[in-house]
Amino acid sequence: MSGSSGRKSEPWSGLLLGYGMLVFGFFYLPLALLILFSFNRSEIGSFPIIGFSLTWYRELFEDLFVKGAFRNSLVVAALATLIATPVGALAAFGLVRARFRFKSLLTSLIIVPMVIPGLLIGIALLIVFVPIFHVGLSLGTAALGHVVILTPYAVLVVATRLYGFDRSLEAAAADLGATPLRVFWHVTLPLIMPGIVAAALIVFTLSLDQFGVTLFTIGAEGTLPMYIWAQLEGGVKPTINALGTLFMVGSLLVLLATQIVLGRKVS
């Protein structure tokens, strides 16, 4: 009986394997082609491959507009990370530890920016910055726009860390005579620090990729996503493939660092 049921399940296993390969191919084949074409000597980002070269990477590093856009992206991402991470961490601490009415409603309101299209948030912030507060658009206003969208990610990451937190360690420190401030500084903060660092890495990476909010809040400046969008008006250039490859490698490294940080156990 067991042998016959095992033989009957084999066709389904093959179908599931084929389905899985199709799904992974759909996800990762475009990325693989992006990397492949970034090394293609041809000026047309398509087949056939006429030879491998680093020409497009050299041109990319020599492009002053790319350097300026990259610098702006780093500035905006750094400012957004410095603001969104502590704000999100404090919000997560309050949501996890505090007890109050309408807690679930407040939690839902905090994560609303994650589901609203970035273009709509960008338009709303443009109305707030210019007609209402008469603030000139700059890298700073773009960073504030990123904070609005990315703070919920920091809240969720830090809250996840807090839910796995052993509260008995705080109680033990308090029993030994430590003040609430010393308990937080010497016990709570070190234990949730991996979550805070992971939240900062995620916020920084997502900030580099923001386009909709940035478009309406940055003014005359530009970031890497805006540079890529401008270059695509005339078709996909080989330098864009190279830039996308570098972007992807950097994101994967940050993702790996985040997994390592989040993998640390709360002791």
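Leaving aside its neighbours within four places in sequence, which residues is Thr239 in contact with?

**Figure 1. Thr239 and its partners in a predicted model.** Once neighbours within four places in sequence are set aside, Thr239 touches Trp56, Glu59 and Leu60. You'll find Thr239 in helix H11, which covers residues 238–262. Is Thr239 buried or exposed? Its relative accessibility is 14%, so Thr239 counts as buried, the cut-off for that label being under 20%. Keep in mind that everything shown here comes from a predicted model.

**Figure 2. The largest nonpolar core.** This core has 32 residues. Look for Ala92, Val158, Leu162, Ile192 and Ile196, the ones that touch the most other members. Four helices each give two or more residues to this core: H3 (64–97), H5 (118–132), H6 (139–163) and H8 (180–208). There is also a second, separate core, made of 13 residues, and among them are Trp56, Val66, Leu224 and Ala242. Trp56 may ring a bell, as one of the residues in contact with Thr239.

**Figure 3. A closer look at Ile196.** Which residues sit in contact with Ile196, leaving aside its neighbours within four places in sequence? They are Thr85, Ala89, Val158 and Leu189. Val158 and Ile196 both belong to the group in the largest nonpolar core that touches the most other members.

**Figure 4. The largest pocket.** Here's an open space with a volume of about 360 Å³. Its lining counts 16 residues, and those nearest the centre are Phe70, Leu224, Leu243, Leu246 and Phe247. Helices H2 (55–62), H3, H8 and H11 each give two or more residues to that lining. Which helix gives the most? That's H11, with 6 residues. Sorted by class, the lining has 12 nonpolar residues, 3 polar ones and 1 charged one. Leu224 turns up in two views, since it lies among the residues nearest the centre of this pocket and is also included in the second nonpolar core.

**Figure 5. The second largest pocket.** This pocket has a volume of about 240 Å³. Around it you can pick out Thr81, Thr85, Pro86, Ala89, Leu90, Phe93, Phe184, Leu189, Ile192, Ile196 and Ala200. H3 and H8 each provide at least two of the lining residues, and H3 gives the most, with 6. How many charged residues does the lining have? There are no charged residues, just 9 nonpolar and 2 polar ones. Ile196 is back again as part of this lining, and so are Thr85, Ala89 and Leu189, which are in contact with Ile196.

**Figure 6. A cavity in the structure.** Rolling a probe the size of a water molecule over the atoms shows where empty space is left. Searching the whole structure turns up 1 cavity of 30 Å³ or more, and the largest cavity has a volume of about 40 Å³. Its lining is made up of Ser73, Val76, His146, Ser207, Leu208, Gln210, Thr214, Thr223 and Pro225. H3 and H8 are the elements giving two or more residues to it. By class, the cavity lining has 6 polar residues, 3 nonpolar ones and no charged ones.

**Figure 7. How confident is the predictor, and where?** Across the chain, pLDDT averages 85, with 92% of the residues scoring at least 70. Which element has the lowest mean pLDDT? That's helix H1 (residues 2–38), with a mean of 76. At the other end is H6, which has the highest mean, 93. H6 is also one of the helices that give two or more residues to the largest nonpolar core.

Methods:
Residues are numbered from 1 along each chain as its sequence is written. This is a predicted model: local features need pLDDT of at least 70, side-chain atom pairs count only at pLDDT 80 or more; totals for chains, interfaces and linings use all residues. Side-chain values use heavy atoms; hydrogens and water are left out. Buried means under 20% relative accessible area, exposed over 50%, partly exposed in between (1.4 Å probe, protein chains only). Contact means heavy atoms within 4.5 Å. A nonpolar core is a set of buried Ala, Val, Leu, Ile, Met, Phe, Trp, Tyr and Cys residues joined through side-chain atoms within 4.5 Å. On a 1 Å grid over the protein atoms alone, a cavity is a set of points where a 1.4 Å probe fits but cannot get out, and a pocket is an open set with protein on both sides within 12 Å along at least five of seven lines; lining residues have an atom within 4 Å of a point. Grid points are joined across faces, edges and corners, and a volume is the space filled by probe spheres set on the points. Ala, Val, Leu, Ile, Met, Phe, Trp, Tyr, Cys and Pro count as nonpolar, Asp, Glu, Lys and Arg as charged, and the others, Gly among them, as polar. pLDDT is the predictor's confidence in each residue, from 0 to 100.
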